[in-house]
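Open the model in your viewer and keep the sequence panel beside it. The stops below go from the whole chain to single residues.

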Amino acid sequence: MSQPTMQAPRNKAGEICALESDRLAISRRNAIKALFGAAAAATLFASPMRAFATPSATKETTDALAAAQKKFEEAQQQLDDLSDQFQTLSEELDDTIGQIEDVNGQIDDTQELIEEKQEELEEKQGELAHRVSSSYKAGDNRMLALLLSSESFSDLLSKTYYINKVNESDQRAIEEVAQIQEDLKETKAELESQKVELEGLKEQQTAQLQSMKDKKDEVQALLDGLDQDVKDLIAKRDAEILAAAKAEEEARRAAEEAAKQQASGGTTSIPGDGQGSSSAGNLQQLVVAWCKKTPSPGAGLCAWWVSDVFERAGLGNVPGNADDMYSNFCTSSKKSNLQVGMIIAVSSHSHTWAGRIYGHVGIYVGDNTVMDNVGYIRSINVDEWISYYGDIVTPRWGWANGNNLAG
């Protein structure tokens, strides 16, 4: 029984682009879940036998897939947690670097003030030294003259007090500048100590970031491996389901044929025989050879496979779905007209909802045998094919694209 075709006129590049766009629109974790669900849906709903039963993979495979899926999600969560921690630590490191930058600016400003106060101190010390030197050279005559010029004792006391105050003011100014300079040096030392602590914190945070990067790379590698494990297990599960479906399909077909023959009292074959493979021409044999070498493009893509066969044989693309091929190229229902390399199709059959819409198509390869794509490439007796798919419309055959390969 068939996997009915579901494709519109083909555009492989467009389909690949669409798939890539969909992949970028979801997270890797959701991509695996989507793949998991899509594979199951393709297997369970595209096959005609799904109306009767649900073949399944082995428990060992389904359990392994569930375990791999769980490990994948756990690794993904671990990677998400590391990413959150990495972001937080990056913000803390940025704050530390900002503080170091601010402290460096304060150190530079403090050093400028120290240099300014040093110049001021040197200037005042120079003025005082100049006065002392001048007084010494004059033998303190000016001070003495100033004192001797006093008109009274009270005047003498006033002038003596003034001279002392001038000396005290000079000395105090020098001491104040020196004290400011010392304070600034202490401030600078404190800032430099703070900078050392911040630099240590920066080194610590940088080391933590590197450690987290290494851990993130380790988890990412684990995640990539689990990703492939999940995909491989999905492929294994689907292969087992298809194998189970094939066995069930053969048993179901045999039971149906027996029931029909018992009810009708005879064969369901159309009278006559199709062309045998021994009398096929070169182009016909070329098509048969490519039928045997062309792999299945997937479940539900019977028309795609037929077109692939003819393209690989160098005979051009056969456009459309099975119903299109039926309408455009299949004109005969007489077995005597059935020749090797012809396509055989129905525009509708009742076994699946997709079959009712798109029908099914295969290629006659001689010796009463049809090859078609039902998720895998099978060979089936032409009378069985006709009996199974001919429940709504009459199965017909003809040359693809009207190209007579026997002529």
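Colour the chain by secondary structure: this predicted model has 10 helices and 5 strands. Next, colour by burial; of the 407 residues in the chain, 36% are buried. Turn on the molecular surface, and about 22100 Å² is exposed, with carbon and sulfur atoms supplying 52% of that area. If you draw a contact map, look away from the diagonal: among contacts with a separation of 6 or more, 75% join residues 24 or more positions apart.

**Strand 3 and its partners**

Select residues 369-373, which form strand 3. Why can strand 3 be called largely enclosed by the rest of the structure? Buried here means under 20% relative accessible area, and 4 of the 5 residues of strand 3 are buried, so the rest of the structure largely encloses the strand.

Add residues 360-366, strand 2, which pairs with strand 3 in the antiparallel sense over 3 bridges. Glycine 366 has threonine 369 of strand 3 as its bridge partner. The hairpin of strand 2 and strand 3 has 2 residues between the strands, and aspartate 367 in this hairpin takes a positive phi near 55°.

Now add residues 377-381, strand 4. Strand 4 also pairs with strand 3 in the antiparallel sense, here over 5 bridges. Centre on valine 370 and look across to strand 4, where isoleucine 380 stands opposite. Which residue of the hairpin of strand 3 and strand 4 takes a positive phi? It is glycine 375, near 100°, in a hairpin with 3 residues between the strands.

**The largest nonpolar core**

Show side chains for Phe310, Ile343, Val361 and Ile363. These touch the most other members of the largest nonpolar core, which has 43 residues. At least two core residues come from each of helix 6 (282-293), helix 7 (302-312), helix 8 (322-329), strand 1 (343-346), strand 2, strand 3 and helix 10 (382-389). Helix 7 contributes the most, with 6 residues.

Stay on isoleucine 343 and display its contacts, ignoring neighbours within four places in sequence. Among them are Val306, Phe310, Met325 and Phe329, together with Val361 and Ile363. Others in contact with isoleucine 343 include Arg396, Trp397, Gly398 and Ala400.

**A second core**

For the last stop, select Leu209, Val219, Leu233 and Ile234. They are included in a second, separate core of 17 residues. In soluble globular proteins, nonpolar side chains tend to be buried together.

How values were computed: Residues numbered from 1 in each chain as written. Predicted model: local features only at pLDDT ≥ 70, side-chain atom pairs only at ≥ 80, totals over all residues. Heavy atoms only, no water. Buried < 20%, exposed > 50% of the residue type's maximum accessible area, 1.4 Å probe, protein only. Contact = heavy atoms within 4.5 Å. Areas by Shrake-Rupley, 256 points an atom, 1.4 Å probe, with all protein chains shown as cover. Pairing = 2+ DSSP bridges. Core = buried A, V, L, I, M, F, W, Y, C linked by side-chain atoms within 4.5 Å.
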